[in-house]
Amino acid sequence: MKHYNDLFVDFDDTLYDTHGNAVIALRELYERLQLHRYFDDPQVFYDEYWRTNIDLWTRYSKGEITRDYLIVERFRRPLSLGRGLQVTEAYCLEASDCFLDFCSSKPGVVEGAHELMEHLRRQGYRIHICSNGFHEVQYKKLRACGLLDYFDTVILSEDAGVNKPSPQFFDYAIKKSGANPESTIMIGDNFSTDILGAKRYGLDTIYFNRFPDYSAPEPVTHEVTSLREIMGLL
């Protein structure tokens with residue numbers, strides 16, 4: 001096994017159970033806004049939110065839309081399905097603020113996250129988050145789930161000015177962390193943003209195929225289906 005000094009680690013849905021926590025937060029938001037007044041079936045709202053969210057985050061990672069557009073639009077579309085609901089930009093922003101507050105307070109992590117981080121620390125690695133998430137939200141989530149202190153550096157796309165998988169993001173990550181690309185490996189669950197971006201930059205990769213319906217579409221350094229498997233590699 002090649003020796004590494006630095007680990008670039010994605011946060012959302014690699015360590016932090018972003019999807020699971022958001023499912024809970026979305027239900028809380030539905031109740032807080034009393035959306036039952038506008039929807040006969042809450043599932044209509046939930047389903048449209050997830051369709052919209054996936055579409056917008058994909059476009060955001062490619063630099064096709066702005067953060068501000070994403071924040072408003074991901075609620076404008078599902079709320080627009082509500083009967084008689086006046087969907088203004090101000091209302092979407094209110095919904096977004098409330099949702100993000102709910103989300104960022106949740107402690108849920110992916111199974112094995114704390115054990116993995118303890119192991120990596122004992123092994124002496126320098127560990128750096130590499131995330132496309134929003135600055136204020138990511139720090140709240142890191143504190144809520146108790147993972148912040150494991151990291152030497154928190155590298156966020158808002159600070160970098162570009163998103164993964166852009167090579168400029170990895171330029172920024174290398175510069176901020178002081179890592180050597182030759183002895184750095186990227187760990188992440190999103191093949192397009194985490195793995196392909198790092199691979200094209202010249203980094204080794206560990207693809208966390210969390211829901212393995214299929215294998216990596218092109219060769220990676222390592223592929224795992226659980227965080228505990230990473231402990232056997234590093």
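This is a short talk about how two helices pack and about the nonpolar cores in this structure.

Quick housekeeping: this is a predicted model, where local features need pLDDT of at least 70, side-chain atom pairs count only at pLDDT 80 or more, and totals for chains, interfaces and linings use all residues. Residues are numbered from 1 along each chain as its sequence is written, and side-chain values use heavy atoms, with hydrogens and water left out.

Okay, helices first. Helix α1, residues 18-32, packs on helix α4, residues 89-104, at about 135 degrees, with the axes 9 Å apart. Helices here are DSSP runs (H or I, at least four residues), numbered from the N terminus. The pair is therefore oblique, meaning outside the ranges for roughly parallel (under 35 degrees), roughly antiparallel (over 145) and roughly perpendicular (65 to 115).

So who's touching? Contact means heavy atoms within 4.5 Å. From α1 we've got Ala-22, Ala-25, Leu-26, Glu-28, Leu-29 and Arg-32, and from α4 Ala-95, Cys-98, Phe-99, Phe-102 and Cys-103.

Now the cores: sets of buried Ala, Val, Leu, Ile, Met, Phe, Trp, Tyr and Cys residues joined through side-chain atoms within 4.5 Å, with buried meaning under 20% relative accessible area, using a 1.4 Å probe and protein chains only. The largest has 32 residues, and Leu-26, Leu-29 and Phe-99 are among those with the most contacts inside it. Helices α1, α2 (42-61), α3 (67-79) and α4 each supply at least two residues, and α4 gives the largest share, 8 residues. Apart from that core lies another, of 29 residues, including Leu-7 and Tyr-150.

Last one, Phe-99: beyond neighbours within four places in sequence, Phe-99 contacts Ala-22, Ala-25, Leu-26, Leu-29, Tyr-49, Arg-74 and Phe-75.

Conventions: Axes fitted to C-alpha atoms, helices over the stretch in contact; angles between N-to-C directions. Buried < 20%, exposed > 50% of the residue type's maximum accessible area, 1.4 Å probe, protein only.
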